[in-house]
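Please open the model in your viewer and show side chains as sticks, so that each selection below can be followed in turn.

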Amino acid sequence: MRIRKQPLGDRNLVGERVGKRRKEINMKQIELLTQLREKGIDFNASGLSKLEGQIRSVNDYELIALSEILGVSVNWLLGLED
């Protein structure tokens, strides 16, 4: 596992939690990308890395798909619940 070299950005609220949950369930970025594509969401590795680093905005439909794939609520991703 690589250590992030840059500090987190401020473009979204969910990136840190997406990365945290993905790692908790032992999911690699490529696996998450594949599942996102199956849901019709076209992401590349750079885009996902930027999302997790909070330097890319996230769309509402991406947020819903991420919550479904990661098995958490949208509210959890947004930091509104523990």
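Which side chains meet in a salt bridge at 2.9 Å, N to O, when you select Lys39 and look for the partner? The partner is Glu68, whose side chain meets that of Lys39 in a salt bridge at this N to O distance; bear in mind throughout that the model is a predicted one. The pair links distant parts of the chain, since Lys39 sits in the loop between α2 and α3 whereas Glu68 belongs to helix α4, 29 residues apart. Colouring by accessibility, you will find Lys39 partly exposed, with a relative accessible area of 42%, and Glu68 likewise counts as partly exposed, at 49%.

Keep α4 in view and add α2 to the selection. The axes of these two helices, α2 and α4, come within 10 Å and cross at roughly 120°, and α2 and α4 are therefore oblique to each other. The crossing in which α2 passes α4 is right-handed. To see how the contact is made, select Leu32, Gln35 and Leu36 on α2 together with Ala65, Leu66, Ile69 and Leu70 on α4. The residues of this contact of α2 with α4 divide into 6 nonpolar and 1 polar, with no charged residue among them.

Next, turn to the other salt bridges, of which the model has 4 in total. Select Glu52 and Arg22, which form a salt bridge with their closest N and O atoms 2.7 Å apart. Here, too, distant parts of the chain are linked, Glu52 lying in helix α3 and Arg22 in helix α1, 30 residues apart. Both Glu52 and Arg22 are buried.

Then select Glu62 and Arg56, another salt-bridged pair, in which the closest N and O atoms are 2.9 Å apart. Glu62 is buried, with a relative accessible area of 3%, while Arg56 counts as partly exposed at 22%, a value above the 20% under which a residue is called buried.

Finally, inspect the backbone at two loop positions. Asn26, in the loop between α1 (15-24) and α2 (29-38), has a positive phi of about 55° although it is not a glycine. Gln54, found in the loop between α3 (45-52) and α4 (60-70), also has a positive phi, of about 60°, and is not a glycine either. Their surroundings can be set side by side: Asn26 is exposed, with a relative accessible area of 68%, whereas Gln54 is buried, with a relative accessible area of 9%.

Note on methods:
Residues are numbered from 1 along each chain as its sequence is written. This is a predicted model: local features need pLDDT of at least 70, side-chain atom pairs count only at pLDDT 80 or more; totals for chains, interfaces and linings use all residues. Side-chain values use heavy atoms; hydrogens and water are left out. Helices (H or I, at least four residues) and strands (E, at least two) are DSSP runs, numbered from the N terminus. Buried means under 20% relative accessible area, exposed over 50%, partly exposed in between (1.4 Å probe, protein chains only). Axes are lines fitted to C-alpha atoms, for helices over the stretch in contact, and angles run from 0 to 180 degrees between N-to-C directions. Angles under 35 degrees count as roughly parallel, over 145 as roughly antiparallel, 65 to 115 as roughly perpendicular and the rest as oblique. A crossing is left-handed if the near helix is turned anticlockwise from the far one by less than a right angle, and right-handed if clockwise. Contact means heavy atoms within 4.5 Å. Ala, Val, Leu, Ile, Met, Phe, Trp, Tyr, Cys and Pro count as nonpolar, Asp, Glu, Lys and Arg as charged, and the others, Gly among them, as polar.
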